[in-house]
Amino acid sequence: MAEEVKVTMENTDSPVQTEPEEYTEEYTETPERSEFRRKRVKRIKLILVLLLIVFLLIPNILCGFLLYQLYKTNRNMEILREEIKISKMEIEKKNQEAAAMAAAAEKKIKEEKYGTQNLVQLNLSDEEKYPNKQLVYLTFDDGPSKYTNEILDILDEHDAKATFFVLAKEGYDDEYNRIIDEGHTLAMHSYTHKYSVIYSSMENYKEDVNSLSDFLFEKTGVRPKFYRFPGGSSNTVSKINIQDMLHFLGEEGYVHFDWNVSSEDASPKMLEASTVARNVLNGIGEKKESVVLMHDSASKRSTVEALPIIIETLQQKGNVEFLPITENTKQVYHVREKTDAEKTEGTGKADKENVKEETEETVEESTEIESDVTKVVDEAVSEALSEEVAEALSEAEKLSEEENQSKEENRSEEENQREEQN
Ligand code: ZN
């Protein structure tokens with residue numbers, strides 16, 4: 001059969017086409033040939049089907065590939081977004097650092113003006129920096145108010161620095177910034193100043209602190225470090241454990257300051273300026289460090305009036321410095337965070353009242369113990385005494401008995417002698 005095919009092929013290829021009859025004659029349909037043709041057709045069909053499948057698959061594969069690319073891009077975008085977030089945070093951090101460095105540089109320049117001696121003392125505590133002076137830290141709570149600028153003017157006139165424990169109030173952007181720009185300390189007090197809200201749950205408390213920090217950062221570009229509890233750390237309003245709040249503040253890097261001198265200007269009835277001044281001056285007395293509680297509030301006019309009296313009276317003494325609270329200031333607090341050792345000791349009560357109760361208890365106990373001791377001593381003494389007395393008595397008895405005996409003996413001897421003589 002192969003030979004026959006060869007022949008036909010040769011015939012068709014041959015340029016001589018003169019014998020078509022011969023060709024048709026030679027090309028006869030044999031079963032082998034039809035089988036061969038069927039196979040060819042089958043092969044072509046298969047190729048067509050394969051081609052069809054390939055053409056159908058290509059778009060699907062492309063689609064899959066594109067979807068994968070889309071997924072990859074989305075992921076990359078997410079990563080980028082995260083990175084942007086992180087770098088934003090880093091920028092914020094760096095800004096803060098830059099602000100701190102700028103402040104330090106400014107401080108250095110100032111210090112250089114006043115000589116190298118002060119330059120060396122830059123990192124010393126306030127006490128070390130002013131060893132022979134009384135240090136007064138004037139603090140103003142609840143501001144800013146319509147009096148903030150007046151207070152800042154008075155401080156500026158007297159070259160005195162102070163600390164403002166502020167609230168979050170709109171419309172006082174200049175005051176917030178002026179406090180910082182003029183070298184005072186901008187510190188945190190409360191976002192809402194509503195005791196019932198702040199102190200109702202730990203969640204609310206944290207939100208109050210964080211909101212105020214964000215607010216002040218937005219207004220000034222500075223995140224304050226110092227904090228004063230609304231009502232002080234010894235307040236009795238809070239439903240939350242003071243130790244939990246202190247722990248939170250510590251973790252966030254805040255330092256809380258209470259006060260050791262009060263102007264008493266928080267009383268609902270407005271005091272006379274002279275009374276406010278007297279309270280402060282008496283409170284300071286000869287204290288080495290005084291953190292003075294005052295209020296910067298629309299209802300506290302007399303505090304503003306008392307301020308020059310206080311500053312001038314103390315400046316006339318000649319050994320008083322008015323300083324802002326900084327990291328060089330000795331912390332003044334009513335309650336502080338317990339150390340781990342104190343926590344494990346289990347003496348869980350830390351606030352003032354409890355401490356008071358405890359001391360009262362111990363005083364009671366000690367008086368009880370004292371009276372017990374006196375009783376025991378008395379008893380012991382009297383016992384000892386009675387024993388001694390008894391001994392003495394018995395000895396005395398013995399002695400008198402012996403005396404009697406010897407007397408009797410003497411008497412009988414005398415009688416014997418008399419009888420003998422007679
Ligand atoms: Zn307050």
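These are my notebook entries on a predicted model of a protein chain with a zinc ion.

**Entry 1: the whole chain**

I began with the overview. The protein chain holds 14 helices and 8 strands. Of its 422 residues, 28% are buried. I also looked up how contacts spread along the sequence. Taking contacts between residues at least 6 apart in sequence, 72% join residues at least 24 apart. I kept that in mind for the entries below.

**Entry 2: the zinc ion**

Which residues coordinate the zinc ion? I found D142 through OD, and H189 and H193 through NE2, at 2.2 Å. I wrote the spacing of these donor residues in sequence as D-x46-H-x3-H. D142 and H193 are 51 residues apart, and the pair links distant parts of the chain. D142 belongs to the loop between β1 (134-141) and α6 (148-157), while H193 belongs to the loop between β3 (185-190) and α8 (195-198).

Next I asked myself whether D142 is buried or exposed. D142 has a relative accessibility of 16%, so it counts as buried, the cut-off being under 20%. H193 has 23%, so H193 counts as partly exposed.

**Entry 3: a cis bond in the loop after β1**

I stayed with the loop between β1 and α6, where P144 also has its place. I checked the peptide bond from G143 to P144 and found it cis. Its omega is near -5 degrees.

**Entry 4: L152 in helix α6**

From that loop I moved on to helix α6, where I picked out L152. Its relative accessibility is 0%, so L152 counts as buried. What does L152 touch, once residues up to four places away in sequence are set aside? My list reads F164, R178, I179, E182 and H184. I looked at I179 again for its spacing. L152 and I179 are 27 residues apart along the chain, yet their C-alpha atoms are separated by 7.4 Å.

**Entry 5: T163 in strand β2**

Then I turned to T163, which sits in strand β2. T163 has a relative accessible area of 0%, so it is buried. I left aside its neighbours within four places in sequence and noted its contacts. They are L138, T139, F140, T185, A187, P324 and I325.

**Entry 6: two positive phi angles**

I looked for residues other than glycine with a positive phi and wrote down two cases, D159 and E264. Phi of D159 is near 55 degrees, and phi of E264 is near 60 degrees. D159 lies in the loop between α6 and β2 (162-167). E264 has its place in the loop between β6 (261-262) and α11 (273-284).

How accessible is each one? D159 counts as exposed because its relative accessibility is 63%, and the cut-off for exposed is over 50%. E264 comes to 46%, so E264 is partly exposed.

**Entry 7: N235 in its loop**

Where does N235 lie? I placed N235 in the loop between β4 (226-227) and α10 (242-252). With a relative accessible area of 15%, N235 is buried. I followed its side chain to two backbone nitrogens. The side chain of N235 reaches the backbone nitrogen of V237 at 3.0 Å, and that of S238 at 2.9 Å. Outside its neighbours within four places in sequence, N235 is in contact with Y199 and P230.

**Entry 8: helices α9 and α10**

I finished with α10 and its packing against helix α9, which covers residues 202-220. At what angle do α9 and α10 pack? I noted about 35 degrees, with the axes 11 Å apart. Their crossing is right-handed. On the α9 side, the contact is made by M202, Y205, K206, V209 and N210. On the α10 side, I listed D244, M245, F248, L249 and E252. I sorted the residues of this contact by kind and got 6 nonpolar, 1 polar and 3 charged.

Key
Residues are numbered from 1 along each chain as its sequence is written. This is a predicted model: local features need pLDDT of at least 70, side-chain atom pairs count only at pLDDT 80 or more; totals for chains, interfaces and linings use all residues. Side-chain values use heavy atoms; hydrogens and water are left out. Helices (H or I, at least four residues) and strands (E, at least two) are DSSP runs, numbered from the N terminus. Buried means under 20% relative accessible area, exposed over 50%, partly exposed in between (1.4 Å probe, protein chains only). A polar contact is a pair of N or O atoms within 3.5 Å; within protein, one must be able to donate a hydrogen and the other to accept it, and residues adjacent in sequence count only if both atoms are side-chain atoms. Contact means heavy atoms within 4.5 Å. Axes are lines fitted to C-alpha atoms, for helices over the stretch in contact, and angles run from 0 to 180 degrees between N-to-C directions. A crossing is left-handed if the near helix is turned anticlockwise from the far one by less than a right angle, and right-handed if clockwise. Ala, Val, Leu, Ile, Met, Phe, Trp, Tyr, Cys and Pro count as nonpolar, Asp, Glu, Lys and Arg as charged, and the others, Gly among them, as polar. Donors are N, O and S atoms within 2.8 Å of the metal (3.2 Å for Na, K and Ca); water is not among the atoms, so sites may look incomplete.
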